[in-house]
Amino acid sequence: MADVAVYKSEVKPDWCPGCGDYGVLNSLQKACAELDLAPKDIMVVSGIGCSSNLPGFFNSYGMHTLHGRSIPVASGAKFGNHEMNVIVTGGDGDGYGIGVGHLIHAMRRNLKLTYIVMDNQIYGLTTGQTSPTSEKMTKTKSTPAGNLENQLNPIALALAAGASFVARGFSGEPAHLAEIYKKAIQHKGFAIVDVFSPCVTYNKTNTYPFFKERVYKLEDENHDTNNYEAAMKKAQEWGNRLPIGVFYANSDRPTYDESEPVLANGPLSKAAFKPLDPSILLEFV
Ligand code: SF4
């Protein structure tokens, strides 16, 4: 097992004191240490938002990309070197708002990526507007009379879109979260982990006490992670009881990177350079 300190960068997190994202970062570092992954074998890619600053705080390859565009960049990295552990991180606004189109197609493709969403049910970086996972009638700066839109259900969305590993964690349960990350990183296929990660500054409803009163672990209720219908049923639970843990895991589906004939010969980053045959171009003239 590696030392957790190996994964800490020289840049200190700039999140507000008490932000849930600290738990997400610490648990991810713990999981990578317990899996003994070398930083050179990890790439962390993010979009834009408070949570998307995470790659700067993590010692590995990393890229802080555009709002909602982390998955296309991560997909390119994975195609270039599918031996790399590519971990995508971001928030609910980034992933379930502007980036949701990319997310759906990555899930149905089953590209082997680990996607961690720090879901605080609000836009934190822009000082507190309604996000896709804000509950209906939530009052925020952008919805002073209450949010009129239905709350997006990321777990049901992921299951419907074909993600082969679907889980939820809570940053107030860091040891449990690290275990979920370990399974997600080792999973063969697209793994999404939605994390209740409270924004202590702008979301005064979905707080640590709110989640602590409500979360329960799926494994404590003998949930069968191979059962798609059971997972979809659990995904509908929202209210006084909020399930965390692995909803669904299916390693039987082929991944996109192993199905693609060119990639099946090994990572592009290790392929021999072959100049393009100019006669091919003549076919298009
Ligand atoms: Fe975290 Fe909210 Fe502060 Fe952003 S504004 S760092 S999400 S507590």
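Here are four short exercises on this predicted model, each with a worked solution.

**Exercise 1: the sheet**

Work out in which order the eight strands of the open sheet lie, and which strands sit at its edges.

*Solution.* Start by walking across the sheet from one side to the other: the order is E2-E1-E3-E4-E6-E5-E8-E7, and the pairing is mixed. Next, look for strands that pair on one side only; these are strand E2 (61–64) and strand E7 (215–217), the edge strands. As you go from one strand to the next, the twist averages 20°.

Now zoom in on one pair. Strand E1 (residues 42–46) and strand E3 (residues 85–91) run parallel and are joined by five bridges. To find your place in this pair, look for Val44, which stands opposite Ile87 in E3.

Finally, add a helix to the picture. Helix H9 (residues 228–235) packs on the sheet, where it touches E7 and strand E8 (242–249). The direction of H9 makes about 155° with that of E8.

**Exercise 2: two helices in contact**

Describe how helix H5 (residues 100–109) and helix H6 (residues 154–161) pack.

*Solution.* Two packed helices are described by the angle between their axes and the distance between the axes. For H5 and H6, the angle is about 45° and the axes are 8 Å apart. An angle from 0 to 180 degrees is oblique when it is not under 35, not over 145 and not from 65 to 115, so H5 and H6 are oblique to each other.

Then list who makes the contact: Val100, Ile104, Met107 and Arg108 come from H5, while Leu157, Ala158 and Ala161 come from H6. Sorting these residues gives six nonpolar, no polar and one charged.

**Exercise 3: the enclosed space**

Find how many cavities of 30 Å³ or more the structure holds, and which residues line the largest cavity.

*Solution.* Rolling a probe the size of a water molecule over the atoms shows where empty space is left. The structure holds one cavity of 30 Å³ or more, and the largest cavity has a volume of about 30 Å³. Its lining is made of Gly68, Arg69, Ser70, Ile71, Asp94, Gly95, Gly99, Leu103 and Tyr115. Helix H3 (70–80) and helix H4 (92–98) each supply at least two residues of this lining. By type, the lining divides into three nonpolar, four polar and two charged residues.

**Exercise 4: the open space**

Locate the largest pocket and describe its lining.

*Solution.* About 210 Å³ of space lies in the largest pocket. To locate the pocket, look for Ile48, Gly49, Cys50, Tyr123 and Gly124, which lie nearest its centre among 17 lining residues. H4 gives the largest share of the lining, three residues. Sorted by type, the lining has six nonpolar, eight polar and three charged residues.

Note on methods:
Residues numbered from 1 in each chain as written. Predicted model: local features only at pLDDT ≥ 70, side-chain atom pairs only at ≥ 80, totals over all residues. Heavy atoms only, no water. Pairing = 2+ DSSP bridges. Helix = DSSP H or I, 4+ residues; strand = E, 2+ residues; numbered from the N terminus. Contact = heavy atoms within 4.5 Å. Nonpolar A, V, L, I, M, F, W, Y, C, P; charged D, E, K, R; others polar. 1 Å grid on protein atoms, 1.4 Å probe; cavity = no way out; pocket = protein on both sides within 12 Å on 5 of 7 lines; lining within 4 Å. Points joined across faces, edges and corners; volume = space filled by probe spheres on them.
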